[in-house]
Amino acid sequence: MGRKIIITGGAGYIGSHCVKRLGELGYEILTIDNLSSGNRWAVLYGKLEVVDLADNSRIEQIVKDFRPDAVIHFAASIVVPESVQNPVKYYKNNTENTLNLLKILVENNVDKFIFSSTAAVYGIPESVPVGENSPLMPINPYGRSKMMSEMILRDFSSAYGLRYISLRYFNVAGADPEGKIGQAYKESTHLITRALKCAKGDFPHLEIYGTDYPTRDGTCIRDYIHVTDLVDAHIVALEWLFQGGESEVFNCGYGHGYSVKEVIEVAKKVTGIDFKVIETERRPGDPPELVADCSKIKSKLNWTPQYDDLEFIIKTAWDWERKISFPSSQ
Ligand code: UFG
């Protein structure tokens with residue numbers, strides 16, 4: 001029997017790719033997901049418990065019954081503008097639920113934890129590429145809710161001996177190269193998914209939010225990482241903890257970025273569709289350039305990405321996008 005891992009949010013976009021990979025590697029998996037944005041069909045391995053993380057008594061019972069060796073915590077709310085409108089939701093779902101989960105884990109002697117953090121904790125970085133030691137100055141409740149969780153992790157680590165890895169994701173994109181799963185949010189606001197939905201005809205046009213940024217073509221630059229490489233970062237992080245490694249924080253990106261216009265150009269090339277693009281105003285809260293310094297995870301965990309290729313990232317997302325008519329939310 002393999003090692004036992006609880007994956008919260010395992011029915012969601014990144015979580016489901018992680019479940020697939022861990023399942024292939026022979027881990028024993030239990031997914032916890034409330035299916036608010038995840039899908040039952042996306043959980044390809046192990047058992048799924050449909051439960052909200054706020055339900056502490058059920059979560060505690062699941063932890064006691066399953067007795068995981070480690071927990072990977074993906075479950076969270078992730079839409080930045082929504083966090084500005086509804087901060088209660090973000091501090092509850094992200095910070096409070098993480099605190100309660102961690103309390104249950106330390107009380108039940110589960111001492112290995114992998115946390116989904118975000119580049120949003122950096123806010124508008126002073127310089128790029130941004131390293132893990134750059135100041136944390138998030139500019140929205142989403143980023144703050146994740147930063148607070150990181151602080152809780154640090155305190156739990158020194159007080160209770162919890163060992164954790166916090167992975168700060170940059171812009172995650174693409175889909176399972178085997179085409180079994182992918183991103184499945186109907187109203188996705190993310191650039192690549194949005195562009196592909198425009199190519200598909202789901203939206204009449206794509207808007208570029210701002211063309212007057214101080215970048216090479218005036219549009220924002222982001223570090224797009226393929227979801228499978230991001231999942232591999234979780235696998236090496238997990239192994240690090242199993243081998244007795246101490247708590248760490250790592251950026252997850254490739255270390256170079258593409259502008260919005262460059263992404264659109266590649267999306268048009270991959271799809272062969274010249275979808276309509278409109279230049280509009282800046283979207284509030286967008287840093288001009290967000291690129292990871294990813295040297296730490298490469299040297300310390302020996303993380304070796306395989307899909308550092310925007311065309312491949314977009315192709316896998318496109319293959320998936322064409323496959324789903326749109327699956328129902330369950
Ligand atoms: N953009 C457009 N048009 C669109 C959608 C996006 O021009 O229709 C632009 C945005 O303004 C931004 C870039 O494309 O400049 C990327 O935007 P995304 O919405 O795809 O991603 P973000 O960089 O805003 O945010 C993502 C995640 C956050 C995370 C952040 C960290 O959604 O959760 O990356 O880098 F915090």
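1. Domain layout. The domain assignment splits the protein into domain 1 (4-173 + 223-252) and domain 2 (191-222 + 255-323). Keep in mind that this is a predicted model. The C-alpha centres of domain 1 and domain 2 lie 24 Å apart.

2. The domain contact. Here 28 residues of domain 1 are in contact with 26 residues of domain 2. On the domain 1 side, β7 (171-173), β10 (224-226), α7 (227-242) and β11 (248-252) each supply at least two residues. Helix α7 gives the most to that side, with seven residues. By class, the side of domain 1 that touches domain 2 holds 17 nonpolar, six polar and five charged residues.

3. The database record. UniProt, in an unreviewed entry, lists residues 5-253 as "domain: NAD-dependent epimerase/dehydratase". Over residues 5-253 the chain is 39% helix and 20% strand. The end C-alpha atoms of that stretch are 24 Å apart.

4. The ligand shell. Which residues come nearest to the ligand? They are Ala119, Ala120, Leu191, Tyr209 and Cys220, out of 21 residues around it. The shell divides into 12 nonpolar, four polar and five charged residues. Both domains take part: domain 1 and domain 2 each give at least three residues to the shell.

5. Elements behind the shell. Helix α6 (191-200) and strand β8 (206-209) each supply at least two shell residues. Strand β8 has the largest share, four residues. For anyone inspecting the ligand surroundings, β8 is therefore treated on its own in the next point.

6. Strand β8. One face of β8 is covered and carries Leu206 and Ile208. The other face is uncovered and carries Glu207 and Tyr209. In a regular strand, side chains alternate between the two faces of the sheet. Tyr209 thus appears twice in this note: on the uncovered face of β8, and among the residues that come nearest to the ligand.

7. The partner of β8. Strand β8 pairs with strand β13 (residues 277-280) in the parallel sense, over four bridges. Leucine 206 stands opposite valine 277 in β13. Strands of a sheet pair through backbone hydrogen bonds, either parallel or antiparallel.

8. A three-stranded sheet. A separate description covers an open sheet with the order β12-β9-β14 and mixed pairing. Strands β12 (258-259) and β14 (289-290) stand at the edges, each with a single partner strand, so one side of each has no neighbour in the sheet. Strand β9 (residues 221-222) runs parallel to β14, and two bridges join them. Arginine 222 has leucine 290 of β14 as its bridge partner.

9. Lysine 296. This residue lies in helix α9 (residues 295-301). Is lysine 296 buried, exposed or partly exposed? It is partly exposed, because 17 other C-beta atoms lie within 10 Å, and the buried class starts at 20 while the exposed class ends at 12.

10. Contacts of lysine 296. Leaving aside residues up to four places away in sequence, lysine 296 touches Glu132, Phe250 and Asn251. Lysine 296 and phenylalanine 250 are 46 residues apart in sequence. In space, their C-alpha atoms are 6.7 Å apart.

Methods. Residues numbered from 1 in each chain as written. Predicted model: local features only at pLDDT ≥ 70, side-chain atom pairs only at ≥ 80, totals over all residues. Near = placed C-beta within 6 Å. Nonpolar A, V, L, I, M, F, W, Y, C, P; charged D, E, K, R; others polar. Domains from an automatic or database assignment. UniProt positions renumbered as here; feature names shortened; annotations may be inferred. Pairing = 2+ DSSP bridges. Contact = placed C-beta atoms within 7 Å.
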